[in-house]
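Hi everyone, and thanks for coming. Please pull up the structure on your screens, and we'll walk through it together, one topic at a time.

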Amino acid sequence: MAAKLISTGFRLTTLPENYVRPLSDRPRLSEVSQLEDFPLIDISATDRPRLVQQIHQACARFGFFQVINHGVSKATIDEMVTVAHEFFGMPMDEKMKLYSDDPTKTPRLSTSFNVKEEEVNNWRDYLRLHCYPIDKYVHEWPSNPPSFKEVVSKYSREIRELGFKIEELISESLGLEKDYMKKVLGEQGQHMAVNYYPPCPEPELTYGLPAHTDPNALTILLQDATVCGLQILIDGHWFAVNPRPDAFVINIGDQLQALSNGVYKSVWHRAVTNTENPRLSIASFMCPDNGAVISPAKPLWEAKEEEAKPVYRDYTYAEYYKKFWSRNLDQEHCLENFLND
């Protein structure tokens, strides 16, 4: 086994060598600023043109925004957080039944990001689930805690509806038909990463997750309500995104950057650790169908100046996803491999 879980319940006083980042690649936490103007968008707002404009500004400037009045019930969220904590609190031998370092396995409990490829590991354990179609995957999910399957099924369904709502707004914000994204992305897959970051003895030396972009279309993140860890890169500077209990953090994935012809950004982001408290986050990923052909939307470049052309070449999502998982998380933006000549 290439790595073992770090959610053992035992606190270390020093960081094991295989988690220590080179001096040139450390968080420099003292240099991180608080993000004061992070977009907070009420997606229940009735002024549709203004709502669409807010989405456009957020996607073009930050690649990230928060949504409130999103339609996912507080009870559903609370139950999801509770069952996730219960899962990571189980005895090690129970959790290890799901352990795998094979990125293609569903579901799987693992540590770090891709232990087969990494030179330095990350201070994170995570449970990765496929969530759509639920009927196809639910039997594979953990049977413990006993409420796990029921709670995660409900949460996944509500998150999927939110994802479709946001994709419509993003389509409109680009001046496209509101069902444009849904049509292009096909029968979208849905994955979930339940992330657990135990207290870390030396947070300045490692990451929970190093800087990366997301390979999917759209990410819907439930942050830990009390522990800050998410940071995003804006104009070459790292900013901390403080959690807001009633909001989801939304970020543009690589596929929406390509579909928008680079108008919207799939932004570098990372997760840092702390010495005091464990941190839980639950990321849901809306993914194109494997056979979906990703191509910059023609209205965004075809009517431009005569020499205009799409920034990215056509490719299938399966082609992209295979490339993404064959590399280290913090290598160059994976989309660089799909630029037009």
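Let's begin with what the record says. An unreviewed UniProt entry places the feature "domain: Fe2OG dioxygenase" at residues 188-288. Keep in mind that we are looking at a predicted model. Within that stretch, residues 188-288, the chain is 44% strand and 6% helix. The C-alpha atoms at the two ends of the stretch are 5 Å apart.

Now, the inside of the protein. In soluble globular proteins, nonpolar side chains tend to be buried together. Which residues touch the most other members of the largest nonpolar core here? They are Ile170 and Phe248, in a core of 73 residues. Helix H5 gives the most to this core, with ten residues. If you click on Ile170, you can look for its partners further along the chain. Leaving aside residues up to four places away in sequence, Ile170 touches Ile55, Cys59, Met181, Leu218, Ile252, Leu256 and Tyr264. Apart from this core lies another one, of 17 residues, including Leu35, Phe64, Ala193 and Val267.

Let's stay with H5 for a moment, and do a little arithmetic check. H5 has 26 residues, and at 1.5 Å a residue it should span 38 Å. Its end C-alpha atoms are 37 Å apart in the model, which agrees. And here is a handy thing to remember when you look at any helix. An α-helix has 3.6 residues a turn, so residues three or four places apart point the same way.

What comes just after H5? There we meet Gly175, with a positive phi of about 80°. Gly175 lies in the loop between helix H5 (148-173) and helix H6 (180-185). Is Gly175 buried or exposed? Gly175 is exposed, with a relative accessible area of 67%. Try picking Gly175 and Ser143 together: they are 32 residues apart in sequence, and their C-alpha atoms are 45 Å apart in space.

Next, aromatic rings. A pair of aromatic rings is described by the distance of the centres and the angle of the planes. How many aromatic pairs does a search of the whole structure find? The search finds nine. One of them is Tyr19 with Trp123, an edge-to-face pair with 5.0 Å from centre to centre and 80° between the planes. This pair links distant parts of the chain, 104 residues apart. Tyr19 sits in the segment before strand S1 (33-34), and Trp123 is in the loop between S4 and S5. Tyr19 is buried because its relative accessible area is 7%, under the 20% cut-off. Trp123 is buried as well, with a relative accessible area of 4%.

Phe38 and Phe62 make another edge-to-face pair, 6.3 Å centre to centre, with 80° between the planes. Phe38 is in the loop between S1 and strand S2 (40-42), while Phe62 is in the loop between helix H1 (48-61) and S3, so the pair ties together parts that are 24 residues apart in sequence. Both Phe38 and Phe62 are buried. Phe62 has a charged visitor too: the charged end of Arg61 sits over the ring of Phe62, 5.0 Å from its centre. You can see a similar arrangement where Arg160 lies over the face of Tyr132, at 3.4 Å from the ring centre. And for a group of rings, look at Phe87, Phe88, Phe148 and Tyr196, which form one aromatic cluster.

Tyr132 brings us to the backbone. A cis peptide bond joins Tyr132 and Pro133, with omega about -10°. Pro133 lies in the loop between strand S5 (125-130) and helix H4 (134-137). The peptide bond from Thr106 to Pro107 is also cis, with omega near -20°. Pro107 is in the loop between helix H3 (92-95) and strand S4 (108-111).

Last stop: positive phi in residues other than glycine. Asn69 has phi near 50°, and you will find Asn69 in the loop between strand S3 (64-68) and helix H2 (74-88). Asn69 counts as partly exposed, at 47% relative accessibility. Asp235 has a positive phi of about 50° too, in the loop between strand S9 (230-234) and strand S10 (237-240). Asp235 is exposed, with a relative accessible area of 68%.

That's my tour. Thanks for listening!

Technical notes
Residues numbered from 1 in each chain as written. Predicted model: local features only at pLDDT ≥ 70, side-chain atom pairs only at ≥ 80, totals over all residues. Heavy atoms only, no water. Helix = DSSP H or I, 4+ residues; strand = E, 2+ residues; numbered from the N terminus. Buried < 20%, exposed > 50% of the residue type's maximum accessible area, 1.4 Å probe, protein only. Phe/Tyr/Trp six-rings, centres within 6.5 Å; stacked < 30°, edge-to-face > 60°. Lys NZ or Arg CZ within 6 Å of the ring centre and 35° of its normal. UniProt positions renumbered as here; feature names shortened; annotations may be inferred. Core = buried A, V, L, I, M, F, W, Y, C linked by side-chain atoms within 4.5 Å. Contact = heavy atoms within 4.5 Å. Expected span 1.5 Å × (residues − 1).
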